[in-house]
Amino acid sequence: MFAKDKTMENAMTKMMKAARLHAFGGPEVLRYEDAPRPVIGPGDVLVRVHAAGINPPDLYLRDGYRTMPPEWRPNPKFPIIIGTDVSGVVAAMADDVTGFAVADPVFSMVRFPEDLMKGSDAYAEFVRVAATELAHKPAAIDHAHAAAAPMSLLTAWQFLIELGHAAPNPFQPFPHEPVPLAGKTVVVNGAGGGVGHLLVQLARWQGARVIAVGSGRNAALMRDFGVERFVDYTKHAAEDVIRDADLVVDAVGGANMERFLGVLKPGGALFLVNPVGFAGHDAARARGVTVSSTQVRSNGPQLAEAGRLLDDGTVRIVVDSHFRLAKAGEAHARVARGGIQGKIVLTVA
């Protein structure tokens, strides 16, 4: 009744609370304030948000993508609402939507990368979601854990299990293709992070032997996930202690990604979650190593399929910490300090 009562209240006022940007900048530019409630159109569902997950693109957009060349930076019409990942309940839906009903618990990654440069409106009490991007929330987890899942889970799924779309790849001239994992040795760099801890679990589910690379604080978690070996990068460089892997998935990016080429068998594969700056394509070709990346895309059916693994406990979402939506700036500041295990979540309802 609470969700329906709040829906009726907001329907009368046509307003909601949201964390909005009026300018790009640091965490302090996120303002918790009144905002117009979204209006749905054909194919849309209005979701009453209970929790929203924080992802790296949220921080990049809040900052105005200032590390990019000026001609590539966003120029949206302020104010904007950032964020993509939500979990909540259906408040209303268009007449042409099937498969969902009012009050259904749902989760989604909203309009990504479609609204990458203008915000997908997740940091709010209500959000408009295309039904094709929506899935029923796994019953076994709460809204906070469901909100932490979509972008990270879909990223891991589209890298390792199924790409699931034919959209052009912005990072390379060929589509990304997952490789068979059963019986293979898979290295995950950044294994304790939001995407990394899901890559580890999906690779294990597919029958791979997993070597996890992360900070020492993640060692116990990785043992819980059944990794064959854990490498603490603060003590040992992965490229010095790992050899003959079939696949390396680097969920960190940054400088010197080329170092992982020496970890791989000839004919292996290097998957880069963030490939910007990779300069080892010639060396990879010389070793017969496939280097590949892709951009995650919203996909409701895939999210539903992956969500079944959350429901039966095969895959677990780790939440580092929670912040109220009104404290979104503090949550972004926490992300900037680093040392996060899993995901940070904004609680809304």
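What follows is a working chat about a predicted model and how its helices and strands pack.

Colleague: What should I know before reading numbers off this?

Modeller: The model is predicted, so local features need pLDDT of at least 70, side-chain atom pairs count only at pLDDT 80 or more, and totals for chains, interfaces and linings use all residues. Residues are numbered from 1 along each chain as its sequence is written, and side-chain values use heavy atoms, with hydrogens and water left out.

Colleague: And which runs get called helices and strands?

Modeller: They are DSSP runs numbered from the N terminus: helices are H or I with at least four residues, strands E with at least two. Two strands pair if DSSP finds at least two bridges between them.

Colleague: OK, what is the strand order in the open sheet of six strands?

Modeller: The order is β11-β10-β9-β12-β13-β14, with parallel pairing. β11 (229–232) and β14 (290–292) are the edge strands; each has a single partner strand, so one side of each has no neighbour in the sheet. Neighbouring strands are turned by 15 degrees against each other on average, direction ignored.

Colleague: How many bridges between β12 and β13?

Modeller: Five bridges, in the parallel sense, between β12 (residues 245–250) and β13 (residues 264–272). L247 stands opposite A269 in β13. Helix α4 packs on this sheet, touching β12, β13 and β14, and its direction makes about 150 degrees with that of β13. Axes here are lines fitted to C-alpha atoms, for helices over the stretch in contact, and angles run from 0 to 180 degrees between N-to-C directions.

Colleague: Where do the axes of α4 and α5 stand to each other?

Modeller: The axes of α4 (residues 150–160) and α5 (residues 196–205) come within 9 Å and cross at roughly 45 degrees. That makes α4 oblique to α5; angles under 35 degrees count as roughly parallel, over 145 as roughly antiparallel, 65 to 115 as roughly perpendicular and the rest as oblique.

Colleague: Which residues make that contact?

Modeller: S152, L153, A156, W157 and L160 of α4, and L198, L199, L202, A203 and W205 of α5. Contact means heavy atoms within 4.5 Å. By class there are nine nonpolar, one polar and no charged residues. Ala, Val, Leu, Ile, Met, Phe, Trp, Tyr, Cys and Pro count as nonpolar, Asp, Glu, Lys and Arg as charged, and the others, Gly among them, as polar.

Colleague: At what angle do α4 and α9 pack?

Modeller: About 100 degrees, with the axes of α4 and α9 (residues 300–311) 10 Å apart. That makes α4 roughly perpendicular to α9. The contact includes L153, L154 and W157 of α4 and L303, A306 and L309 of α9. It has eight nonpolar, two polar and one charged residues.

Colleague: Switching topic. How many residues of β3 are buried?

Modeller: 10 of its 10, for β3 (residues 44–53). Buried means under 20% relative accessible area, exposed over 50%, partly exposed in between, with a 1.4 Å probe and protein chains only.

Colleague: Which strands does it pair with?

Modeller: Among them are β7 (residues 126–130), antiparallel over five bridges, and β5 (residues 85–93), antiparallel over eight. β16 pairs with β3 in the antiparallel sense over three bridges. L46 has R128 of β7 as bridge partner, A52 stands opposite V86 in β5, and G53 is partnered by V345 in β16.

Colleague: Last one: which residues of α10 are buried?

Modeller: In α10 (residues 328–337) they are A328, G329, A331, H332 and R334. Their cover includes β1, β2, α2 (56–62), β15 (319–324) and β16 (343–347). Just after α10, G338 takes a positive phi of about 75 degrees.
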